[in-house]
Amino acid sequence: VFLSSSFFKLQNIPAISDGKHMGFAWGPGDILVYETRYKAPCILSQKDEDIYSPILRKLFNESHHIFVGLQTIREDLPSKINAQLVRKNPHSVFYSDIHFITLFSCTILTLICFLLKVSILLAIELIWNLCEVLFIDAAPAGSLLLHLLDWVRLHKADVDERASEVLQSESPAEHRDYWNVVVSYVLQGRLEEVRQMLVKQANLQPAARSMYKQMDTLLSKMPFYNPGGTQTLTEFDVKWRHWHEEVDRCLQDNSFASNRHLELICKILLGDEDTLLDHKELLGTWYHFLVTRLLFCHPTVKPTELHYYAQSCMTMFLDSRSVPEPLDNILLAAFEFDIHQVIKECSIALNNWWFVAHLTDLLDHCKLLQSHNLHFGSNLREFLLLEYASGLFTHHSLWQLAVDYFDHCPEFGRVYLELQIERVPLETERKALKVLRICEQRQMSEQVRSICKIMAMRALRNNRLGSALSWSIRAKDAAFATLISERFLQDYCAKGTFSDLDLIDNLGPAMLLSDRLTFLGKYREFHKLYGEKRFREAAKLLLSLMTAKIAPQSFWMTLLTDALPLLEQKEVMFLSLQEEDVEVTKVELLRLALARNLAQAIVKEGTVET
Amino acid sequence: MESINAKYVSQKISKTKWRPVSHSDLQLPEIFATGSWDNEDNRISIWSIGSNLSTSMEDGFEGDPQLICEHKHDGDVLDLQFLDQDRIVTASSTGAVTIFRHHQNSQTISVSQLWARAHRYPCDNAPCTGVVCSSPEIVTVGEDGRIVVFRADQEGVVRVIGELKKSLMDCLTFDRESQTVGLQTAKSGDRVPLHCVDRHPNQQHIVATGGQDGMLCVWDVRQGNTPFSLMEAHTAEMWEVHFHPTNPDHLFTCSEDGSLLHWETSSHSDMPSFLQGGRNSSMVSRSAMAPAGGKQPLISAWLSGDSSKGRLETTHMLPSQTLSVNSLDVLGPCLVCGTDGEAIFVNRQVPV
């Protein structure tokens, strides 16, 4: 069971009217269904649950961390180090959490879902490791086989479990699984372990000792290529052929004829196809068969020859009835070194862009990807990253990761981010602050203004005027600041006191944002001065407020009323100082007198006659 | 310093707190609690780093935090405090204040008490943004500007300390001796909103604050309205600042820019260099581990007038840049922090 991305779920969809059909369009995480006149073939809807699974969340977060680290690495570092970054993690993420999940899975359905997910994850790991071996490590002939052996061993760990089961039993050599374990080890080329196991059998059959000794010698003499050594590939090839001929001689001589197990091992060592195919259950997969066959027939296989063997092995291994699964096609494309085909197949088979996006990015950084430009401008790497990040943005929590991905898409990343970031729901002020920080760091002033306005409106609705004012100050939104200052002043008129004194007192340079705000700040200052009994300064300030024309019309009455007590003071507060012009003084005195008169008149008029 | 590794936990962590250890035992802290945010199902979780916990899980290395138990939490966890060894108080974005009880023998958590609308607007929910407690009293503050006092085990509100017309959320410290709540509302020279405050454990007049611009300010509350020293600490909002409880020459700050800084002052005089006038301290910064991608210049040296009377050293505590570090807590030699990258970092050998 691999990569059956068909996890179907039936949904109830409201009825479509007569004569119309249902159409659909894919979104990043879901599907839109609509009514239409046009007819198309029927498809079942599918819900993308992957993004919500806790295991996958860890994967997304870890890979995000690595992705960001990868982008900032300098060009001249060798590609090996890049691969190291990636290699570190997937295994640990998968296995430590698989245990965790098994403890908690309850219903059969969750178990099935879980197993599906696990199988997909394991398949992803398999593909990823193969891509590392073939594309990034790019091993030449000789080392290639060794890497492929490692790859197969990594993904067939059940051998060790069975081996330990056998070895811990009372009499290992008589365990029913004993020979299966031995043969499995041979198939994986782990000849040291084979020899250790065979010793136990040899001890049980002293009569056949010489035969076991002979097998042991054969096994110990099998040459393995040493990439760091002084031996060239040709020398190794010669040596290997000698050994191969020796094994063949043993078989022809019927040295092992009396022991069918040893004879079997001998045939495997010769790479006999029929014998190998007899042990399909032990091999498990066609790619194991491929690697084993290469090990015992063509250990000096070159990368360019790989796909011939891959194709033929797959054909031989799979029954004529069975159809290759998506995983098989992907692996085959990898063996053919067709990177684009690998990416294409993965995109189709997996319903989440995570894998292809990161793989393409890594290959791009290793300069392995000839990016042909797609006809809407961006290249393949960017396209995949954009798709992946857009999918992340639909998640209520993982949207923060997406920001970094957009940052590293030079062509369209910024535009995508601008469109998406405004749609993040802002439930608390803290979240709004984080979103704002993201926008401000990237100079997205439109979005900053928009977010601040949302928060300010919300505050206003709850009558939190101070909060609303700070949001509009942050956005440098003059119009809104004016609106809120008006509200403040209206409040003052209604209640006689100010709310949020703290904020107004400490506006600082922000006061200059809007005229009304300046007036508010200065007016408050006037009150403060008055409260501190610094009447002369207060009077001066009030005068400047009146003459500066920044007071709103509705407020003039209040200003005049405030002037009243000052006018009544014994001292003439408004006497100008020596520096000022006589003319100006006259005008001011005149104004003052008029104001006084007007004030008294209004007071008289407004007085209710009792 | 031992290398510090990330534990990925599939939830963005908004708060982490060590469970208090009784001083008589001289034990190292073992248990910490975390709260998540921005999830559809938020949770509070309790973790252990002790080695006496039997686990059947494969770990990367010893000391990896293990989840003991967790409980669903309605709304983002905006603040979290241990009321005592068994009880945790949380402040929620729905305006609720909840007390959870951790049952140690069954390793479960249950809700012990809930005040659902502790903070509210007339028509909306108002997030409760801070909680501080000194058993059995709990004081909370919210976006609606009210400070409310509760008593554990009592149903209703004990009293509401004034309607503050606060423009932005603030932070509380609790002064046990005088049974008052000190609400730090002072603003720095540039009138920047504050996000966090902490009081020196021994010298109660020394207060450190951090705000929206990432500057670390140290105040002497006896003297005036301007900070004693101002240091550029982070490039984005500073979320938390903590003096080390037993070794207050050490200070820790964490920020939206993804870094966690350890400040260590070593002065030759008795007074910590904070109080010798910030303008005279010079700062030396070094990275404990070079982040991937090379060196990063940390902090500009503060204005140095005369020769410095004290030295202040700053260290990055996280190996590489992460998403925002939302919370940190330090107790003894152990430090825990949580990030928006859904990771928890635990360092058991903080050099204090």
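**Exercise 1. In which sense, left-handed or right-handed, does α1(A) pass α19(A) in their crossing?**

Before we start: this is a predicted model, in which local features need pLDDT of at least 70 and side-chain atom pairs count only at pLDDT 80 or more, while totals for chains, interfaces and linings use all residues. Residues are numbered from 1 along each chain as its sequence is written, chains are lettered from A and ligands numbered from 1 in the order in which they are written, and side-chain values use heavy atoms, without hydrogens and water.

*Solution.*
1. Find the helices: α1 covers residues 54-71 of chain A and α19 covers residues 380-393 of chain A. Helices here are DSSP runs of H or I with at least four residues, and strands are runs of E with at least two, numbered from the N terminus.
2. Their axes come within 14 Å and cross at roughly 140°. Axes are lines fitted to C-alpha atoms, for helices over the stretch in contact, and angles run from 0 to 180 degrees between N-to-C directions.
3. That angle makes α1(A) oblique to α19(A) (under 35 degrees is roughly parallel, over 145 roughly antiparallel, 65 to 115 roughly perpendicular, the rest oblique).
4. The crossing is left-handed, a term used if the near helix is turned anticlockwise from the far one by less than a right angle.

**Exercise 2. List the residues of α1(A) and α19(A) that meet.**

*Solution.*
1. From α1(A) come Phe60(A), Phe67(A) and Gln71(A).
2. They meet Arg381(A), Leu385(A), Tyr388(A) and Leu392(A) of α19(A); contact means heavy atoms within 4.5 Å.

**Exercise 3. Describe the surroundings of strand β18 (residues 215-220) of chain B.**

*Solution.*
1. Six of the six residues of β18(B) are buried, so the strand is largely enclosed by the rest of the structure. Buried means under 20% relative accessible area (1.4 Å probe, protein chains only).
2. Met215(B), Cys217(B) and Trp219(B) point one way, and Leu216(B), Val218(B) and Asp220(B) the other. In a regular strand, side chains alternate between the two faces of the sheet.
3. β17 (residues 206-211) of chain B pairs with β18(B) in the antiparallel sense over five bridges, and Val207(B) has Trp219(B) as its bridge partner. Strands pair if DSSP finds at least two bridges between them.
4. Three residues lie between β17(B) and β18(B) in this hairpin, and Gly214(B) in the turn has a positive phi of about 80°.
5. β19 (residues 229-232) of chain B runs antiparallel to β18(B), joined by four bridges. Here Met215(B) is partnered by Glu232(B).

Technical notes. Buried means under 20% relative accessible area, exposed over 50%, partly exposed in between (1.4 Å probe, protein chains only).
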